[in-house]
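Got this model open and wondering about the empty spaces inside? Let's walk through them one at a time.

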Amino acid sequence: MRNKKFIGWLFGLSVALVVAMLLSVRIGTVELSYSDIWQILIGKGDQRLRMVFIDFRLPRTMISVMIGAALAVSGAIMQGVSRNSLADPGLLGINAGAGLMVMLYVFFFGISASSSIFLLPLLALIGASAAALLIFILAYKKQEGLSPIRLVLSGIGVAAGISAAITILTIQFNPQQYQFIATWLAGSIWGTSWMFVLALLPWLVVLLPYVYSRSNVLNILMLSEDTASGLGARITLEQLKMLAVAVGLAAAAVSVSGSIGFVGLIAPHIARICVGARHQRLLPISALFGALLVTIADILGRSLMNGNEIPVGVVIAVIGAPYFIFLLLRAKI
């Protein structure tokens, strides 16, 4: 029965995501019909519409799907490792750490060189890893392991400190750099070319299959410390491995999308309600929910206000902030 339910959700979400992607490539200043899209796909159609579809709309849609899946899986890992339903890369300061490194690079070197596109994920990984390591050190106690409440409080504290550093740094930017940072902070999908797709793709191709192959480890880590140890799991080592994967996914997404929060919180929660807590089912459904959430948010951001685009991060925050408060009120911490 559970397998049938999982397959049903997998199929339904896949269809919904394809529909959302079709809407995403259609909507914009120049609206494309389904007939236009079909003509372009078979190598025909107007040259101008072909450029709009291939050079702008399609890579943006692909990036929406990729960052949504990456952030959702990152959140699912963090919630599993910490046994904390409120864990999320944005709330715990991981996104902020990645963003600080990206901003430092932009401040000193700018964002014009094409080589920086491939360098940004690496820089974001360094910043996110530093933030994650600091949070882990603050939240971990040898006798008790990784405390859920300390993890949240440490993450909030680290995020606040990094945000202060970002604010100070922002004052030093020139107008061009400030425009980029303002876009990044709002969580707008600014990387809308195939170069950004290629920069992000290797991270997902390597890390998503790896974390899925470690689903059983994540299932064990969700148990109590004593139970997991009794089953032969090296708790601290496995927690660090899984957190490293979560940080890598979040950092890669943030380097291209800017500061988009709540995806890693909402998508795993909804997926857990739909298919349960076993990570063999939870991870792919979380990825699909995350991809669908970001794609729909991008569609809404482009279509709600004529001529003005609402950043994806703002749209998701409107949904995510009340949901977080609801979870916080329900959580027994």
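**Holes, pockets and cores**

The largest cavity has a volume of about 90 Å³. This is a predicted model, where local features need pLDDT of at least 70 and side-chain atom pairs pLDDT 80 or more, while totals for chains, interfaces and linings use all residues. Residues are numbered from 1 along each chain as its sequence is written, and side-chain values use heavy atoms, with hydrogens and water left out.

Q: Which helix gives the most to the lining of the largest cavity?
A: On a 1 Å grid over the protein atoms alone, a cavity is a set of points where a 1.4 Å probe fits but cannot get out, and lining residues have an atom within 4 Å of a point. Grid points are joined across faces, edges and corners, and a volume is the space filled by probe spheres set on them. Met 78, Ile 94, Ala 132 and Phe 136 are among the lining residues, and the elements giving two or more are helix H5 (115-139) and helix H11 (235-257); helices here are DSSP runs (H or I, at least four residues), numbered from the N terminus. The top contributor, with three residues, is H5.

Q: How many residues of that lining are nonpolar, polar and charged?
A: Ala, Val, Leu, Ile, Met, Phe, Trp, Tyr, Cys and Pro count as nonpolar, Asp, Glu, Lys and Arg as charged, and the others, Gly among them, as polar. Leu 92, Ile 135, Leu 151, Leu 243 and Val 247 are also in the lining. The split is nine nonpolar, no polar and no charged.

Q: How many residues does the largest nonpolar core have?
A: A nonpolar core joins buried Ala, Val, Leu, Ile, Met, Phe, Trp, Tyr and Cys residues through side-chain atoms within 4.5 Å, buried being under 20% relative accessible area (1.4 Å probe, protein chains only). Ile 94 is one of those with the most contacts inside the largest core, and Ile 94 also lines the largest cavity. The residue count of that core is 97.

Q: Which helix gives the most to the lining of the largest pocket?
A: A pocket is an open set of points with protein on both sides within 12 Å along at least five of seven lines. The largest one holds about 410 Å³ of space, and its 17 lining residues include Arg 302 and Glu 309, among those nearest its centre. Four of the lining residues come from H3.

Methods
Buried means under 20% relative accessible area, exposed over 50%, partly exposed in between (1.4 Å probe, protein chains only).
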